[in-house]
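Reader: Could you take me through one part of this model at close range, strand by strand, and then work outwards from there? I'd like one connected account rather than a list.

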Amino acid sequence: MISNCKIRILALGVAVSLQISTTSACGGHRVPDLSQVFAAARKQTGKRPIIVVPGILNMALVNSKTGETVWPNVFRCDDDLELPITGDPINSNDNLVATKAIESVRFLPLTPKVNILGRLLEALRTHAGYKEGDWENPAPDGDRDTFYTFVYDWRRDNVQIAQQLIEHISSLKKKLNQPELHFNIVAVSMGGLIARYAAMYGAADLPADKAPPIVTWAGATHIEKIFMFGVPNEGSMEAFTTILNGYSITEGVNKPKHLLRKLSREDAFSGMAVFQLMPHRQTARFLNQNLKPLEIDLYDPANWKLYGWSLAYDPEFRKRFAKRNTPDKTASNSLADSVLDAHLAKILERTRLFHQALDVPVAGFSPVSLLAFVGDCDATLNAAIIYYDNKRNRWVTMTSPKELRNSNGHKIAREEIIRAMYLPGDGRVTRASVMGENLEGSPQSPYQTSLPIVHAFFACAGHGGLQNNRVLQDNALSVLVRQSVK
């Protein structure tokens, strides 16, 4: 007998598949024939090797004890994607391991497949003439014309993942007996933050004494260029929204749809990753009900308590958490509450330090260049509205547009709300965030940002489709195939 959870998932899965199949079509737009464009490149040898660093949700997670694929899993009804909440999020572990990059997903039988990384990897294999490499057993010619996909647990701390990336590269270079080898990195979304940290700091952790980080470019001994597809270099307000409400399959001004338990509030709260995708200190924007700016420190746990953000201060979740984690029913709930408080505080502090490390202005010449691939045609959330609801006697944080009354009782139309809350972007990451437009400028960058961006390419594509966009792939491959091993 099918459970109620699975029945809901079956019904919603059909709706999701229908929506994706109707909105992801090209609509008659002309796109380059990459097979013809790169006919000569496929025969060219000696191309610099590539490392593909996927983004959040882009890797399969499997239970190492049972062999069950927990992500992606359409019929997931249990909270098996959560990391244990122990008050020590940096060291929290479970039985899930990342096994492979997700090329495409079929929500239900007979429904269209949704492409994740497949077209990007296909472009490298089929059009640009790269073969897929094995990290553990690289071919003798694995130092050229080869791409390697870096697979990681996307729930975890980005600094730890960057350290793993450096370890993988160092080990691979030893196996290839090529100590001077440099790789180009093709990074998708959060993968770009991981790659940037690895390039700037190598395998170093964040400063233990909270001292300002010093960029060493230790990773530049491994990395030539980073190709960034929709990388939230200033963070994303959509990540903050996911922590509050769970992941929505819809983007931009569309009504949120939290389907298929893709990433629940519990999932987002338990790990570090979604928090580290939030807006950085200088770019986090909050407005009052008169659409005037509010100064709010997003890293301060006191603000999360005041405004009731996340599960940490959800009374019902606190009760459930205490019941699950306090075996002695006569014991006070204060111990469980303190664990939740410590969990949130440590995540926020780690996030602050991570953002601070990424935002250090780069002085002088940068040994690693960035190429940005940006979507800028979709309205993208840039600010949340916060106001006090006197009727319900609580603070409200508004992350999707709707008609609102200001402090004088006058209606503010939804269209005006949209103009205040949204900026051009790819539906999840603003153009400004990818380009680092609000970071301190640097003379070395033609884009007047501290990011060493040497080229930027723009297209009308949603966040999840940027890496699969043929126009952006054309631009990326044109640079990649000209990069020869030296």
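**Around strand E13**

Author: Strand E10 (residues 223-229) pairs with E13 in the parallel sense, over five bridges. Keep in mind as we go that this is a predicted model. One place to look at that pairing is Phe229, which stands opposite Phe373 in E13. E13 also has a partner in strand E20 (residues 453-459): six bridges join the two, and they run parallel. There, Leu371 of E13 stands opposite His455 in E20.

Now for how E13 sits in the fold. Seven of its seven residues are buried, so E13 is largely enclosed by the rest of the structure. You can split the strand by where its residues point: Ser369, Leu371, Phe373 and Gly375 go one way, while Leu370, Ala372 and Val374 go the other way, and all are buried.

Ser369 is worth a stop. Ser369 belongs to strand E13 (residues 369-375), and its relative accessible area is 19%. Buried means under 20%, so Ser369 counts as buried. Setting aside residues up to four places away in sequence, Ser369 touches Glu224, Lys225, Ile226, Pro452 and Val454.

Follow one of those contacts to Ile226. Not counting residues up to four places away in sequence, Ile226 touches Ser369 along with Val368, Leu370 and Leu371, and also Ile185, Ala187, Ala195, Arg196 and Ala199. Ile226 turns up again in the largest nonpolar core, which has 146 residues: Ile226 is among those with the most contacts inside it, together with Trp154, Phe240, Trp304 and Trp309.

Trp304 makes a handy bridge to the next stop, since Ile243 is in contact with it. Ile243 is found in helix H6, and at 0% relative accessibility it counts as buried, because the limit is under 20%. Leaving aside neighbours within four places in sequence, the other contacts of Ile243 are Arg265, Ala268, Val274, Phe275, Met278 and Ser310. Its C-alpha atom is separated by 9.8 Å from that of Ser270, which is 27 residues apart from Ile243 along the chain.

Helix H6 (residues 237-245) takes us to another set of strands: H6 lies across E11, E15 and E16, running at about 40° to E15. Helix H12 (residues 414-421) lies across E11, E15 and E16 too, but runs at about 125° to E15.

So what are these helices lying across? Four strands form an open sheet in the order E12-E11-E15-E16, and the pairing is mixed. Strand E12 (293-294) and E16 stand at the edges, each with a single partner strand, so one side of each is left without a neighbour in the sheet. Strand E11 (residues 285-287) and E15 run parallel and are joined by three bridges, with Leu287 standing opposite Ile385 in E15. On the pairing with strand E16 (residues 394-398), E15 goes antiparallel over five bridges. Ile386 stands opposite Thr397 in E16, and Asp389 has Arg394 of E16 as its bridge partner. The hairpin of E15 and E16 has four residues between the strands, and in it Asn393 takes a positive phi near 55°. As for burial, six of the seven residues of strand E15 (residues 383-389) are buried, so E15 is largely enclosed by the rest of the structure.

For another sheet, look at the one with three strands: it is open, its order is E3-E2-E4, and its pairing is antiparallel. Strand E3 (69-71) and strand E4 (96-101) are the edge strands, each pairing on one side only. On average, and with direction ignored, neighbouring strands of this sheet are turned by 40° against each other. Strand E2 (residues 59-63) and E4 pair over five bridges in the antiparallel sense, and Met59 stands opposite Ala101 in E4.

Last, a pair of helices. Helix H10 (residues 315-325) packs against helix H11 (residues 334-358) at an angle of about 115°, their axes 9 Å apart. H10 passes H11 in a right-handed crossing. On the H10 side, the contact is made by Phe317, Arg318, Phe321 and Ala322, and on the H11 side by Ala336, Asp337, Val339, Leu340 and Asp341. Sorted by class, that contact has six nonpolar, no polar and three charged residues.

Notes: Residues are numbered from 1 along each chain as its sequence is written. This is a predicted model: local features need pLDDT of at least 70, side-chain atom pairs count only at pLDDT 80 or more; totals for chains, interfaces and linings use all residues. Side-chain values use heavy atoms; hydrogens and water are left out. Axes are lines fitted to C-alpha atoms, for helices over the stretch in contact, and angles run from 0 to 180 degrees between N-to-C directions. A crossing is left-handed if the near helix is turned anticlockwise from the far one by less than a right angle, and right-handed if clockwise. Contact means heavy atoms within 4.5 Å. Ala, Val, Leu, Ile, Met, Phe, Trp, Tyr, Cys and Pro count as nonpolar, Asp, Glu, Lys and Arg as charged, and the others, Gly among them, as polar. Buried means under 20% relative accessible area, exposed over 50%, partly exposed in between (1.4 Å probe, protein chains only). Two strands pair if DSSP finds at least two bridges between them. A nonpolar core is a set of buried Ala, Val, Leu, Ile, Met, Phe, Trp, Tyr and Cys residues joined through side-chain atoms within 4.5 Å.
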